[in-house]
Amino acid sequence: MLALEDGTVFPGIAFGASVASGGDLVVNTSQTGYQEIATDPSYAGQVVVMTYPLIGNYGRLMADDQSERPWLRGLVVAHATAAVLDDARQLATLLRTNGIPAIAGVDTRALARHLRSSGCLRGIITQPGLTDPDAAIALARTVPRWEDQDFVAQVSPAVVREVGDDPATPLVAIVDFGLKANIVNSLRRRGVRVRVLPYNAAASDVLASDVTGVVLSPGPGDPARLDGPVALSRTLIEDGRPLLGICLGHQIVGRAAGAETSRLRFGHHGANHPVQDLDTGYVQVTAQNHEVQVVGDSLPARSGFRVSQVNLNDRSVEGLRHADKPIETVQYHPEGAPGPLDALAVFDRFVDACRRGA
Amino acid sequence: MTVPTPYERPHRPKPASVLILGSGPVVIGQAAEFDYAGTQACRALRAEGVRTILVNSNPATIMTDPTVADVVYLEPLTVPAIEAVIAREKPEGLLAGLGGQTALNLAMALSEAGVLERHSVRLLGTPLEAIRMAEDREAFRDLLDRLAQPYSPSFIVEGVDDAARRASAEEALAEIGLPAIIRPAFTLGGTGGGIVETEDAYWERIRAGLRASPIKQVMVERCLVGWQEVEYEVMRDAEDTCIAVCSMENVDPLGVHTGDSIVVAPVQTLTDQVHQRLRSAALAIIRALGVEGGCNVQFALSPDSTEYAVIEVNPRVSRSSALASKATGYPIARVAAQIAAGRTLAEIPNVVTGTTVAAFEPALDYVVVKLPRFPFDKFPAADRRLGSQMKATGEVMAIDRTFGAALNKALRGLEQAGAGPLGEDPSWRSTFDYLAAVYAGPEADAGAEVDAKVDAWADPLLPDDDTAIRWVDERGEACESTRFAQRSAAPIVLRQFLEPSDSRLWRLLGLLRRGVPQEVVRRATGISPWFLAEMGRNLALERDVRALGVRLVDAEDPEAASLLVTAKRAAFSDRDLGLLAGVGEAAVRGARLALGLIPGYAMVDTCAAEFAAETPYFYSTYASAGSPPEAPPVKRPAALVIGSGPVRIGQGIEFDYCAVQAADVLRREGWSAVMVNSNPETVSTDFDASTRLYFESLDAESIRSIIEFESGATGTHPADAADLLPAVVAFGGQTPLNLAAPLVAAGVPLLGSDLEAIDQAEERTRFSALLDRLGIPQPEGGMAESIEEALTLAERIGYPVIVRPSFVIGGLAIDFAYSPEDLARHLAAAAIVDPDRPVRIDRFLEGLEVDVDAISDGTDVLIPGLLEHVERAGVHSGDSIGVFPPQHVSEGDQALIVATMERICLALGARGLVNAQFIVREDGVYLIEVNPRASRTVPFMSKVTGVPMVELAVRISLGATLARLGWSGGLRPEPPFVAVKAPAFSTAKLKGVDPSVGPFMQSTGEVIGIAVDPRVAMAKALTGASLVPPRASDGEVPLALLSIADRDKGGLLDLARALVRAGYRLAATAGTRAALAAAGFAAMPVAKLGAEPVGDEAGILGLIADGRVRLVVNTPTPRSGAVRDAAEIRHAAIAEGVLCLTAIETGVAAAEALDPAIADAIAVVRPITDWVPGGGAPAG
């Protein structure tokens, strides 16, 4: 059973782990990519509702995982389908072995409409066997609030790792707030080495002398709770080496530049958001997954940043660019996974800047 | 503080006026989707303030209503005619990307002829160069090479002459090998193409392909048969913004034309990585082509998804984009037109949500299944195997939350006998039993074990044991053997049984139903295991329902309740559940309502509920049963208009015209018009054609549920029986008419003629009695319940006779019998006579046929005009050339027809449209058929008479009278011009189909010709229908081969005279030649089929194959036997691409159209409103 804090209850069929688990409900409208969503650290602490009704069709290819495990608190689908594959390659197996509950048989369209009108709500997928709705609703109300929790510390690695060993190639430092594999892949494909650092790495480590550019990764949670990374970001801006902020990384740079961030009513979670570059007019379809936006009006003019990209659906800020430093941030996910790869040029621009600087 | 500065794009001038090309008559491969596309385009451009000029030769379209464009020309789609329109209207731009391949080819021809340059007309949207690059196989491969996009190895066959092309084809064969796909360049719906497996077939196809291709170019491509086929509908604007509107996956693997395939949207079995790779490839291709507007890109994907190949690009709005548009709610044609007018995706609002812009990709939260609708019920003799040449005439689309449910709905929506989810042809029984006996069994289900046994496609899993098996063979004899003994033949039987054909889906469902493992079916068909597994879920439900039996309707049984919920979620109909459980439909409905189980209706909102949307586009789903409704019932007064379902022969686009106009009139009368239809190609399923659209199968249960929901029913409260929404059944053809009885039985009121009138006209016996009572002459006839009765009856009334069952579309199973043997054979073969389904036997009266449409208000009967048929009675009215006003009906006979029409309309108590057919003979005027509904001639007659027939009928059904509407009864005065309606045929696409016109309707579309001179009007219409043979050109004397039955020899001399005048030489069989000689015409002697050529005679088939014959007129002798010989001649002609006519009257008309004296007059054009003010559209 899925119970919401506002007293709404959806009965269903459990297909993940036999445990209760809850969090803020987020609605994702992607038609493909459930596996990437399940393993995206940015969903830490959230229960993901898939509006596409058939989830599980093609099983799971290990190579498409975005991190070493799923981080979401639960998955809500209309129909859990099984590809004709061995058990190890089923979505349900991935969830079950990682202790994540999932529920099928929910009218996810009705749920999405409900969430659209009531804004974000906490919910819980109850343990199979619990049939008392009132008890379930009470449980939903005990789930900790998303904005009251720190997730980055949970998903960020404890140690530094490096990918690639050709010393002739530029080295990019990624501060990992909840990194997705395809960001590393996208950079590697452009011929750079990557050093992945924990979220609380010292500025001196991030800006080691061999580093030619820095990426602030996406990740879960509210940037307003991340004073350390915001301070780090100020140092990075000051330093002036090429800097790319993606999603949470973008919000952190925005805060470092003096802008405010605020929570969106419904979040952006999908693979179909049009974003326009205000410098070129170019419009691209992007993958999105965020609850929080940088408030454009709050960006101080003296910060040196301008709003460079906007979402054409709601005109929210989708990117910042610095007037004279090679710093760019994007709210969307140029790495896709899941979602369109139209904006891979973001990585091209960043790597070019690194090469010029190196 | 920094406020983002909005981007300002460079100014692009908007054209002040645009010429839009339609797609001409409906033919296989180019159907109603272009009416929808053109109509959307006109509306979008007019909303932008652009003056729109539309040319189309097809009068049955909505787009040619004078209210849709600023100026409408109903003229042939030829270079001279279009140049004349351009010269008159001086448009700034030309929009060709919304009229299918016909319009695109015409645009290229206009460009090549220098017309565009001469008149400074700018081609809007996708540039010609892109069109050329996408169509010219070689240029396209170069482009793919530049983009590093993979394609299937292929070879271009071309050359300066036949010898060079032959050498080129030899080389292609050596390089590509067999099997191969042959694809002629620049043809429609894959005409002339196909998959070949043998050398003989290869050469046959190469010849046909080169002939079909206007540039004599054919591509031979390695056959990727068995790969998955995936399509992307993409759009691009001039600012280089690209989006993928919809992805689609074909259930049928590569090898079946996508128009003939079962298609699912969005893609189901692709991982995000693979999906994004293909999507990115599609966008890269349209960028490189420079497409501005819509484009379709098709890929082949290897079964393990590691490799792909680009198959084809259509740089225009297509059938797939119509499907994508209806599947997603995204108005592709409308946006493509706006892009062509200079707007960008980022500027165009998303009219569905009302708040976002067109530069986004629709997110679906449902599954769409499209099934093709084939014409083989009309052409039982046709080759029903499917390949790269499209054969379907139409399609049905269904939406639900699972593949299984959408599939079940689509199956229900096909409206074809035996085509429902449970459909099985009785003749498959023995094959089912045999294959099940061999393959099905407990050991065959042992998953991994099965896998291990499978090692090659040709060697599917065969249980390796000697268990005894039993089955009944096709002779009905019980067989017993062992699996081991039977195994060797099984793979061959299986493969043949599951060859791609119109019925493969039902065949494989039948096998799975009998326990044949999915893996066996997968290996024989190449269908992805996921689809088979999902079909398996439906079959498991079937099994459960069957097992539960009558308990299904036991209100106290919790197992029954749960199964009923699951089965309804899978979209099984109450009727099918009743059949499975053995309890009847009513009992299932009762049990369902007792549980409060009614469908929910969900919105097609383009955004998966992310944004609030305003669109009135809905589908039913039991997955939302019990969820809060997304919209309250529509505002009253309201009525439900039932559309006409998939396009099929006999029920086409003309009924969509009627349904759309009916909804339009209702709305303008202040009513809410609720539209229901299942056809994605139509204007009626556009979200703005009605107050609210339900995309649903047209079965009684679906429609009843909608009516109940719109009348306020909820799971706990039924709708108030006294307040049920009325239904409009008169405008969608036979489909809604057949629904009238069950709807009325359910208490649904009808707007317009009541059920009594419908029944009286439809039931032959009652109808006949009515005519007798009124003293209206009719051909003698009666009903027979057995073959013996039929023979006795026919003996009494005299041969020839017409045999027909009740309630049919397009003359199905209607035939003539010239002798008792004929009659007995026909009835036995069709297996259509029994006491439940008696047949009507009528005297077949030869004479002049006249089609009449009337509007009756119960007091007055308005007759806009009479339509005289060119071919004598016996040719189906849908296949006849019609002439308005009549040229050969005396004033007295016309008056008699009008008087009879008035009497019959009033006697039936009809309120609204009535169509009738009369036979005019020297001995009197006979009434042969009456239908109290819109007929296929309504759009044509509305346009040529200016009487807004649908509007008047709808207003009358709302209570108005003709008098109050400003019209009087009787026949309208004749206009000072002649309008001709000619049929267009698709028979060349259907192998094995006899093109001879007769009582079975065969044409798929129609065209119009209007002029003051009847000969010019006829020539225009025949030109538009491709029924005119080529003109004689310098250096070539074309040959016309004539073989005319004795009874037709009266028209022979007219035919010969016209042909000789047009520069033709004649060739004729002995009898015909003698008749010609007697009148002083020389003709080359030709031996009859099967006869040895004597003296200087040429063999008939050899002469046709020789390539000099440009026209065959071959009229069958009305005796069976001779008919078969004639069929062979006609097939030879079709194979050579030679025009073949089978009615002498058509032959004369076609030959006269070549008259040099009228050549100039054919290219004179006038807008329809010049001829007919108003053009028959409701006054806007």
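This passage describes the interface between chains A and B, the nonpolar cores and one buried helix in a predicted model.

We may begin where the two chains meet. In the predicted model, 58 residues of chain A are in contact with 63 residues of chain B. The size of an interface is often given as the accessible area lost when the parts come together. For chain B and chain A, the buried area is about 4,800 Å², and carbon and sulfur atoms give 51% of that area. Charged pairs also appear here, with 6 salt bridges found across the interface of chain B and chain A. One of them joins A:D342 to B:R279, whose closest N and O atoms are 2.7 Å apart. The count of residue pairs in polar contact between chain B and chain A is 23, with both residues at pLDDT 80 or more.

On the chain B side of this interface, the elements that give two or more residues are strand 11 (242-250), helix 9 (272-289), helix 19 (529-548) and strand 19 (600-603). Helix 9 of chain B gives the most, with 8 residues. By residue class, the side of chain B that touches chain A comprises 34 nonpolar, 15 polar and 14 charged residues.

Attention now turns to the cores. The largest nonpolar core has 104 residues, and the members that touch the most others are B:L95, B:Y330 and B:F731. Helix 23 of chain B (residues 653-668) supplies the largest share of this core, namely 8 residues. Another core, of 69 residues, lies apart from the largest one and includes A:F15 and A:A104 along with B:L407 and B:L511.

What does B:Y330 touch, leaving aside residues up to four places away in sequence? Its contacts are B:M235, B:I243, B:V245, B:S325, B:V335, B:L345, B:A358, B:F360, B:P362 and B:T606.

One of these partners, B:S325, belongs to helix 10 of chain B, where it is buried. Why is this helix described as largely enclosed by the rest of the structure? Helix 10 of chain B (residues 319-328) has 10 of its 10 residues buried, so it is largely enclosed by the rest of the structure. Among the buried residues are the charged-side-chain positions B:R319 and B:K326, as well as B:L323 and B:T328. At the N-terminal end of helix 10, B:S318 acts as a cap, with a side-chain oxygen 3.3 Å from the backbone nitrogen of B:S320. Just after the helix, B:G329 takes a positive phi of about 85°.

How values were computed
Residues are numbered from 1 along each chain as its sequence is written. Chains are lettered from A and ligands numbered from 1 in the order in which they are written. This is a predicted model: local features need pLDDT of at least 70, side-chain atom pairs count only at pLDDT 80 or more; totals for chains, interfaces and linings use all residues. Side-chain values use heavy atoms; hydrogens and water are left out. Contact means heavy atoms within 4.5 Å. Buried area is the accessible area (1.4 Å probe) that two parts lose on being put together, summed over both. A salt bridge is a side-chain nitrogen of Lys or Arg within 4 Å of a carboxyl oxygen of Asp or Glu. A polar contact is a pair of N or O atoms within 3.5 Å; within protein, one must be able to donate a hydrogen and the other to accept it, and residues adjacent in sequence count only if both atoms are side-chain atoms. Helices (H or I, at least four residues) and strands (E, at least two) are DSSP runs, numbered from the N terminus. A nonpolar core is a set of buried Ala, Val, Leu, Ile, Met, Phe, Trp, Tyr and Cys residues joined through side-chain atoms within 4.5 Å. Buried means under 20% relative accessible area, exposed over 50%, partly exposed in between (1.4 Å probe, protein chains only).
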